[in-house]
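Reader: I would like a close look at one part of this model, namely the contacts between charged side chains, and I would be glad of a careful, connected account.

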Amino acid sequence: MTLKFDNKKIRSEFPFLSREINNKPIIYLDSAASSQKPQQVLDKLMLTYSQGYSNIHRGLHTLSEEATEAYEEVRIKISRFINASSKDEIIFTSGATMSINLIANSYGLVNLKSGDEIIITVAEHHANIIPWQILCERTGARIVAVPVDSDGSFHLRELKKRVTKNTKIISVPHVSNVLGTIFPIKEISAIAHENNAICVVDGCQGAIHMPVDIQDIDCDFYVFSGHKLYGPSGIGVCWGRGEILAAMPPFLGGGDMIDDVDIEHATYSDPPSRFEAGTPPIAECIALGSAVDFVEKIGMDNIEKHEKSLLSYGHQRLASVKGLSFVGTSSLKSGVISFTLNSAHPHDISTLIDQDGIAIRAGHHCAQPLMKFLNLTSTARASVAVYSEPEDFDALAISLEKVNRIFGD
Ligand code: PLP
């Protein structure tokens, strides 16, 4: 049961909104990089560290048992959040980057060989490029990249043209962190399976903006980071299909991932603990559970609706700024609006509008191949979250007009 969407009430739950930057109320349009945290997440972090903290999975005392139970409850919560068929398919990692490195180093090293191909798109975050490059260096496999249209749209026909009998992995973003394009991940998964490949989805910019149903998407891995979902940094998720995880070797070795250890040999525990060596970010994971409670109370479908109408207002408002060009105008978009403004460098834009208390991101957004593909060095990017409001874009448009006056274009 979700509540009626009440943006004012939601905003009141985010203490950062009382901050002023350069004597102006903060306008935070950089949530794609990392979102701000609601009070209940901050409270949970504080409460766990002050009253419920201990190492997990090993102590027999009360605190350890409580912490273990709270940590494992989050696994159940996350599995419900993305509709996984079992909590044991949820592996806690430090974030999306580590999740993809885990897949590349464990699944990839065992299953790929020289001549095999990994298909990605030109619109990847470096986190969905570099782990595959390292894997290719080690195995002799190669990367094939699917282009996007000039407006940022993705076409399945471009993917189909590049799939061969050598394709072993297709790894795509759910949503591009630069273009905002929503990728047809269900159809991409089907194409992967028709060709005996697996489908990995970088859900970093997806799970934060819309409901995710893993069983419906039918991909093989889906990864995301807690810090973009109103949770703490240092904790993320790698969901993997049960039978694939069961056949994968460990990526990191150490405590908590073993059954029996001799000096020269060890046997490993079943997933997910096989992939969770060492002490995890315990309180951060428990607080991520509160972040999931927070978004579920509002309803991911309500968040999606709110952000969609915000994005549409943002496009309309920013279109009135002279000399502004959007980068990424696909009809299926979520979360971000990237743009350039006349001859102003995005770094200058960001620095100048910071004077008005406005935070946006400027640069290559960890997507250099996409920048090169688009013949750009950088863009400015405004991104929204549940606490964003239309007035944020009014302020941004007014501030960008000032930038225009400074640059005299
Ligand atoms: N993938 C995408 C699409 C992202 O936007 C990001 C972060 O910006 C990442 C991967 C990497 O996430 P993290 O740095 O949390 O591991």
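Which side chain does K24 meet in a salt bridge, and what is the distance from N to O? Please also describe the setting of that pair and of other salt bridges.

Author: In this predicted model, the side chain of K24 meets that of D356 in a salt bridge, with a distance of 3.6 Å from N to O. The two partners come from distant parts of the chain, 332 residues apart, since K24 belongs to strand β2 (residues 24–25) while D356 sits in the loop between α12 (346–354) and β15 (358–359). Their surroundings can be described through relative accessible area: K24 has 32% and is partly exposed, whereas D356 has 15% and is buried, because buried means under 20%.

This pair is part of a wider set, as the structure holds 21 salt bridges. Another of them is formed by R381 and D30, whose closest N and O atoms are 3.6 Å apart. Here R381 lies in strand β17 (residues 379–383) and D30 in the loop between β3 (27–28) and α2 (39–51), so this salt bridge ties together parts of the chain that are 351 residues apart in sequence. As for accessibility, R381 counts as buried at 1% relative accessibility, and D30, with a relative accessible area of 13%, is buried as well.

A salt bridge within one helix can be set beside these pairs. E72 and R75 form a salt bridge in which the closest N and O atoms are 2.7 Å apart. Both residues belong to helix α3 (residues 62–81), and because they are three residues apart there, about one helical turn separates them. With regard to cover, E72 counts as partly exposed at 22% relative accessibility, while R75, at 2%, counts as buried.

Salt bridges also join into a network, which links K8, R11 and E389.

For a contrast with these charged contacts, one may turn to a nonpolar patch on the surface, of about 260 Å², which is made by I258, V261 and Y268. Of these residues, Y268 is placed in strand β12 (residues 266–268), and its relative accessibility of 41% makes it partly exposed. That value is compatible with a place in the patch, because patches are made of residues with over 30% relative accessible area and no salt bridge.

Terms used. Residues are numbered from 1 along each chain as its sequence is written. This is a predicted model: local features need pLDDT of at least 70, side-chain atom pairs count only at pLDDT 80 or more; totals for chains, interfaces and linings use all residues. Side-chain values use heavy atoms; hydrogens and water are left out. Patches are made of residues with over 30% relative accessible area and no salt bridge: like charges are joined within 9 Å, nonpolar side chains (Val, Leu, Ile, Met, Phe, Trp, Tyr) within 5 Å. Accessible areas come from the Shrake-Rupley method with a 1.4 Å probe; for residues, only the protein chains shown count as cover. A salt bridge is a side-chain nitrogen of Lys or Arg within 4 Å of a carboxyl oxygen of Asp or Glu. Helices (H or I, at least four residues) and strands (E, at least two) are DSSP runs, numbered from the N terminus. Buried means under 20% relative accessible area, exposed over 50%, partly exposed in between (1.4 Å probe, protein chains only).
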